[in-house]
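Reader: Hello! I am new to this structure and would love a close look at one part of it, followed outward to whatever surrounds it. Could you walk me through it?

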Amino acid sequence: MKQQLAKQLNLLDFALSSLWRRRGKNAGVMLVFTAVIFLLASFHLVTSALTERAGEILAPGPDIVIQKMSAGRQEAIPLAYRQELRDFFGIRRVVPRIWGYYFDEVRLANYTVIGIDPARMPMAEHLGQSLAAGDFPGPVAESDGPPPAAVGGLIAETLDVAPGAYFSLFRPDLSLQTFEVSGVFAEATDLLSGDLIAMELASARDLFQIPAGRVTDLCVYVHNPAEIDNLARRISEVLPDTRVLTRGQIERTYQAVFGWRSGMAAVCLLAALAAFVILAWDKASGLSPEERREVAILKMVGWETADVMIMRAQEALVVAGGAFLLGITLAWVHVLYFDAALFRPVLVGWSVIYPSFGLAPRIELADLLLLFALTVPPYLAATVIPTWRSAAVPAENALNE
């Protein structure tokens, strides 16, 4: 047993010295390998963390959203549709909502504008908990001055405003509507509220000039979460010209946007895999003349084929293991401390307003095993197989090549 252990340690010592002799080439291989693992791990960490954070933020949202459709496009829904739902057992409340997008031509930024009636929302007293400063906007009379609006932290920075300050937005007819900042959303909700301007329902209707008696959609809150899908199906039957979305469907939409099926993520992933395949193919195409002579000399001084393969496998494990640990560490640092800066413009937001993630990536054993299986074994195979082919050739023939 001691002899076997000493033999393996001697093989490892020789493998390390061999790596050091070809340190330039091995450093290049390790650099490419680290970049591949970094991209794979970064995408996986950021998408899983984003999906988890989105689920946490969407949890207090409406159970069902009803939108009116015409010719495949959404249009304003009449408030009278609420009467069709008044006899539905299990519905706790139906809350109208107005939302839309506002393009700031000066700053080339898109804002999300949403109008609600806080008094009609369940747990309305908790709305202020999402604010870092100020209060959530409530109803206001015309004599009270400009209507209040709560803004996301990124909008507050872009417009350079704080609670009590004023800002103006254009209506569709190019007339100006002035708002008073009543509060600023907390940084923890930037993923959804970073580009958000929240106001009272009447103020949003006036800003977008939506006719009285119509809203953008209806938010449905139910008593029993287990009945959400059943109620959504019944609403679709009663209101056939509407699109009925459940909170679960919205969460799955975020998963699709943030997940591996994201188009740009897939392109980057394929690029990383292509680089790795090229590297593995180059390694598998055969050893260099210097490496073949080294194998032949080792065979002539008494090394067995198994010893040569073990030594090469140890070299590959050192390179692959080091690249794997370094790539995982860099990916974790990239997501945790740099907010996944390489992928942030791709995965969230548009225009010039990008939310700060504030994500806490979790590295689970299953994720490590998956990434390890995708990267390390192919590299080991691409290293050991050419060595076995070279070691199987008689030493005299290898030296004469």
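Author: Happily! Let us begin with phenylalanine 38, which counts as buried because its relative accessible area is 15%, and the cut-off for buried is under 20%. Please keep in mind that this is a predicted model. Phenylalanine 38 sits in helix H2.

What does phenylalanine 38 touch, once its neighbours within four places in sequence are left aside? Its contacts are Gly327, Leu330, Ala331, His334 and Leu342. The chain comes back to this spot from far along the sequence: alanine 323 is 285 residues apart from phenylalanine 38, yet their C-alpha atoms are separated by 9.0 Å. Such pairings fit the chain as a whole, where 78% of the contacts between residues at least 6 apart in sequence join residues at least 24 apart.

Helix H2 also borders an enclosed space. The count is one cavity of 30 Å³ or more, with a volume of about 50 Å³. Its lining is made of Ala41, His44, Leu45, Ile328, Ile363, Asp367, Leu368 and Leu371. Helix H2 (23-58) and helix H12 (365-392) are the elements that give two or more residues to that lining. Sorted by class, the lining has six nonpolar residues, one polar and one charged. A general word on how such spaces are found: rolling a probe the size of a water molecule over the atoms shows where empty space is left.

Now let us step back to the nonpolar cores. The largest has 41 residues, and the members that touch the most others are Ile64, Ile66, Val151, Phe167, Ile197 and Ile235. Apart from that core lies another, of 24 residues, including Phe33, Ile37, Phe43 and Val335. Isoleucine 66, from the largest core, touches Ile77, Leu85, Asp217, Leu218, Val220, Ile235, Leu239, Thr242 and Arg243, not counting residues up to four places away in sequence. Across the 401 residues of the chain, 44% count as buried, and the secondary structure comes to 13 helices and 13 strands.

One more helix deserves a visit. Helix H5 covers residues 201-208, and its buried residues are Leu201, Ser203, Ala204, Arg205 and Leu207. They pack against E4, strand E5 (109-116), E8, strand E9 (176-185), strand E10 (196-200) and strand E11 (214-215). At the start of H5, a side-chain oxygen of glutamate 200 comes within 2.8 Å of the backbone nitrogen of alanine 202.

Just after H5 comes glutamine 209, with a positive phi of about 55 degrees. Most residues other than glycine have a negative phi. Glutamine 209 lies in the loop between H5 and E11 and counts as partly exposed, at 40% relative accessibility. Leucine 174 likewise has a positive phi, about 70 degrees, although it is not a glycine. This leucine 174 belongs to the loop between E8 and E9, and its relative accessible area of 65% makes it exposed.

Strands E4 and E8 lead to a last stop, the second largest pocket, which holds about 320 Å³ of space. Of the 15 residues that line this pocket, Tyr102, Phe103, Asp104, Glu105 and Phe170 lie nearest its centre. Strand E4 (91-104) and strand E8 (166-170) are the elements giving two or more residues to the lining. By class, the lining of this pocket has ten nonpolar, one polar and four charged residues.

Definitions and conventions: Residues numbered from 1 in each chain as written. Predicted model: local features only at pLDDT ≥ 70, side-chain atom pairs only at ≥ 80, totals over all residues. Heavy atoms only, no water. 1 Å grid on protein atoms, 1.4 Å probe; cavity = no way out; pocket = protein on both sides within 12 Å on 5 of 7 lines; lining within 4 Å. Points joined across faces, edges and corners; volume = space filled by probe spheres on them. Helix = DSSP H or I, 4+ residues; strand = E, 2+ residues; numbered from the N terminus. Nonpolar A, V, L, I, M, F, W, Y, C, P; charged D, E, K, R; others polar. Buried < 20%, exposed > 50% of the residue type's maximum accessible area, 1.4 Å probe, protein only. Contact = heavy atoms within 4.5 Å. Polar contact = N/O pair within 3.5 Å; in protein donor to acceptor, adjacent residues only side chain to side chain. Core = buried A, V, L, I, M, F, W, Y, C linked by side-chain atoms within 4.5 Å.
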